[in-house]
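Okay, quick one from me today. Let me put the model up, and then I'll walk you through a few spots.

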Amino acid sequence: LLSGAGGRDLAFDEIQYNVRSIRIEVTRVNGNTNIRCSEVYVSVGTAKAEPEVPEIPTEPVEYEFANIDSSRLTAYADSTSLGSSPSNMVDGDLETQWHTNYPGEDSDSGDPFVEGNGGNLTGNNNIYIVLDEAMPVNQLSLYTNANPNAQMLSVNVYVSSEEYTKGAQLDWGEVVGSSNWTILNGAGGRD
């Protein structure tokens, strides 16, 4: 889907209930093996009807979905370059960005480099978004700047009801959403 310059939406196959943590596995990028991201928006649901809805409804529940305020999100990554921060992906500012670690005097943070070759990634290629409480989620929107280098082209998304912390090993279960995008005119838009 095309969602403005550099933006792409990824709707899940079905609503995911009781989500506390989201893992975005980037499997292919434009360029070599670096990843960049300006902002991640998470669409969460609020039940339209009272009384309180159980964690996993036994009857259909109607939700209104909207992006959660970025102050309620925390971000982590397997790899981050010097002068960058995963928190840039959830600060509500499209002008800031996070970037994976890469060799160079001004960029090498000591974090591991992303593994892979020719844009196909195989390790240290995960972004983690943690919500301040568990809630239903149905979609992510990922934004990068207009520079096509290091932009995400393929991702798999996993969710967990557990709170992720840096380096934690969670049971992520099965892929709940995946997508492949093509860069249009080198300007950051995607199909």
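So, start here: the side chains of Ser141 and Asp9 make a polar contact of 2.6 Å. By that I mean a pair of N or O atoms within 3.5 Å, where within protein one must be able to donate a hydrogen and the other to accept it, and residues adjacent in sequence count only if both atoms are side-chain atoms.

Before I go on, this is a predicted model, so local features need pLDDT of at least 70 and side-chain atom pairs count only at pLDDT 80 or more, while totals for chains, interfaces and linings use all residues. Numbering runs from 1 along each chain as its sequence is written, and side-chain values use heavy atoms, with hydrogens and water left out.

Back to Ser141: buried or exposed? Buried, at 7% relative accessible area; the cut-offs are under 20% for buried, over 50% for exposed, and partly exposed in between, with a 1.4 Å probe and protein chains only. Skipping neighbours within four places in sequence, Ser141 has contacts, meaning heavy atoms within 4.5 Å, with Arg8, Asp9, Glu39, Val40 and Tyr41.

Ser141 sits in strand β9, residues 126-143; strands here are DSSP runs of E, at least two residues, numbered from the N terminus. β9 runs antiparallel to β5, with five bridges joining them, and pairing takes at least two DSSP bridges. Leu73 faces Leu131 of β9 across that pairing.

Now look at β5 itself, residues 73-77: Leu73, Ala75 and Ala77 are on the covered face, Thr74 and Tyr76 on the uncovered one. In a regular strand, side chains alternate between the two faces of the sheet.

Notes
Helix = DSSP H or I, 4+ residues; strand = E, 2+ residues; numbered from the N terminus.
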